[in-house]
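User: Could you take a close look at one part of this model, beginning with a strand pairing and working outward? A connected account would suit me better than a list.

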Amino acid sequence: MNTSTLSTLAPIGESRPGAEWWRTAVIYQIYPRSFADASGDGIGDLRGITERLPHLQELGVDAVWLSPFYRSPQKDAGYDVADYCDVDPLFGTLEDFDRMLGEAHGRGIRVIVDLVPNHSSDQHEWFQAALAAAPGSRERARYMFRDGNGEQGELPPNNWESVFGGPAWTRVTEADGTPGQWYLHLFDTSQPDFDWANAEVQDEFRRILRFWLDRGVDGFRVDVAHGLVKTDGLPDHLPAVDGDSMGGDADDVPYWGQEGVHEIYRDWNRVLAEYEGDRALCAEAWLPTVDKTALWVRPDEMHQAFNFSYLTTEWDAAELREVISESLRAYPAVGAPSTWVLSNHDVVRHASRLALTAENPQGHGIGPASPGQPIPEVGLRRARAATALMLALPGSAYLYQGEELGLPEVIHLPDDARQDPTWFRTEGERYGRDGCRVPIPWESGAPSYGFSTSGESWLPQPAEFDALARSAQEDDPDSTLWLYRTLLAARRDLNLGAGELTWLSGYADDVLAFSNGDLTVIANLGAEPVALPAGTLIAASDAFEGGLLPVDTTVWLAAG
């Protein structure tokens, strides 16, 4: 299949259906600082996104999700927000955002923006006012300020640890110069947690939602959506040494998954319902089971939740069969679609991760201890097969920028180039997330591989990016880019997102075989080739000859 046969996206509001679009959408994550730089400062920006929208239209995605572009000191790459209703000059202006939004809508691409409600930047005007105010003041009540333990309050209020490493509490110096209260920061010290029991905080985020909804955004990806509410009394808790830092493998964590958070999202659901256009909320909620995650997407709460159980599943047929089955049971049971995701800005790219073994573990959550040493050829082959498997599943799928090029994790970054606070707060013991955030390549042979007009790049790009650049793949029918285009076009034409999965019998345990409508999908995760049934080839993750499916390969077949 060549690009001339790809489905054409109609502008939003014309011929494209809008009702509950998020149930079947393929949503492409843009990490703005690493996507495309139009200003020439070596950091991606909104104008760069606008200029590259034709690529996303040709790719065939339904929506984009933008990681934060708000005003920020950039201590955590924009997830430390100083002003939720303005664009950081690093990325452009509100006018640049409006133009990008209009251009995307004109190309039939919806736009979801990131919202960070658990914490702000320590440079937010509210937190600066809190530091200047006295204990017990209205200003401090917006955040989680507490008196310390010990005779002089010299000990933190409890033993909680930061997701980024180190203690989750920092003591402030009061206006008179004396040691004072402590504030909670589940992440970096520059990211103080809001107190969501405070009515002012609730009102402020309703205002923020409406600000962006009024501009025309189609929804919000909600950062740390399982956080926000903490158990009364803030009891001590220490996660397991080898546990998931974001809580995805543990029950009863006093700062994750509390019941009170659901009323916040019911309130937000009502705000979105005030607007036309079927706006959506998607939860980043790391929870131990799909059943628990499904509680975030009940009919009056969020519309989607990231399926991290799927993302963290190893390249193993039995484990994948189980998580797919459980997902397609749990999410529809509450009236929601399942989502599927393999990579994002917080985890090792799946073109590397899937080549890791039990002896060479991948690490989950934010900032794995080490990405291991994957074999590139194995990783890419499995990544292509995994994507072909994922895009055949009913529901909504998320892609991360650059995966359509087969980009691997950039493991060997110089220490002095790293910027992730996880790296610094653990003194290099934890690898961090910079390796999946390296700017993506557009033009083979060009400075910074076409990422920046100046040839600069805020993180160094490896030499292997030259062969993976978009320009090197766009005319190659065997490339990963062509594979993604083919899969996305067929997914749309066959309406696979709205389909129904039926497992097929008669295959070995290390083979996944199912039908979705008239399509048969077979993925060989075993060690031997697999005989294929008769059918018309729609797509294959790698080329093969004859009727035997090679290992680490997925095929789509139509009857006949």
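Analyst: Leucine 519 stands opposite alanine 558 in strand 20, in a model that is predicted rather than experimental. The two strands concerned, strand 16 and strand 20 (residues 553-558), run antiparallel to each other and are joined over six bridges, where pairing requires that DSSP find at least two bridges between strands. Strands here are DSSP runs of E with at least two residues and helices runs of H or I with at least four, both numbered from the N terminus.

Leucine 519 also has a partner in strand 15, since asparagine 516 stands opposite leucine 519. Strand 15 (residues 511-516) likewise pairs with strand 16 in the antiparallel sense, again over six bridges, and these two strands form a hairpin with two residues between them. In that turn, glycine 517 has a positive phi of about 65°. Strand 16 thus pairs with strand 15 and with strand 20. Five of the six residues of strand 16 (residues 519-524) are buried (under 20% relative accessible area with a 1.4 Å probe, protein chains only; over 50% is exposed, and partly exposed lies in between), so the strand is largely enclosed by the rest of the structure.

Moving outward, the whole structure contains 33 salt bridges, each a side-chain nitrogen of Lys or Arg within 4 Å of a carboxyl oxygen of Asp or Glu. One of them joins glutamate 443 to arginine 52, with the closest N and O atoms 3.6 Å apart. Because glutamate 443 belongs to the loop between helix 12 (421-425) and helix 13 (465-468), while arginine 52 sits in helix 1 (residues 46-59), the pair ties together parts that are 391 residues apart in sequence. Glutamate 443 itself counts as partly exposed, at 36% relative accessibility.

The loop between helix 12 and helix 13 has a further contact of this kind, for the side chains of arginine 433 and aspartate 76 meet in a salt bridge at 3.1 Å, N to O. This pair also links distant parts of the chain: arginine 433 is in the loop between helix 12 and helix 13, and aspartate 76 in the loop between strand 3 (70-71) and strand 4 (83-87), 357 residues away. Both arginine 433 and aspartate 76 are buried.

A local case is found within helix 6 (residues 261-273), where arginine 270 and aspartate 267 lie three residues apart, about one turn of the helix. Their salt bridge brings the closest N and O atoms to 3.7 Å. Arginine 270 is partly exposed at 47% relative accessibility, whereas aspartate 267 is buried at 15%. Salt bridges with shared partners join Asp203, Arg206, Glu263, Arg266, Asp267, Arg270, Arg298, Asp300 and Glu301 into one network.

The interior also holds five cavities of 30 Å³ or more, each a set of points on a 1 Å grid over the protein atoms alone where a 1.4 Å probe fits but cannot get out. The second largest has about 70 Å³ of space, and its lining includes Tyr310, Leu311, Trp315, Arg353, Ala386 and Leu389, lining residues being those with an atom within 4 Å of a point. Helix 8 (308-311) and helix 11 (376-390) are the elements that give two or more residues to this lining. Volumes are the space filled by probe spheres set on the points, which are joined across faces, edges and corners.

Residues are numbered from 1 along each chain as its sequence is written, and side-chain values use heavy atoms, leaving out hydrogens and water. In this predicted model, local features need pLDDT of at least 70 and side-chain atom pairs count only at pLDDT 80 or more, while totals for chains, interfaces and linings use all residues.

Terms used:
1 Å grid on protein atoms, 1.4 Å probe; cavity = no way out; pocket = protein on both sides within 12 Å on 5 of 7 lines; lining within 4 Å.
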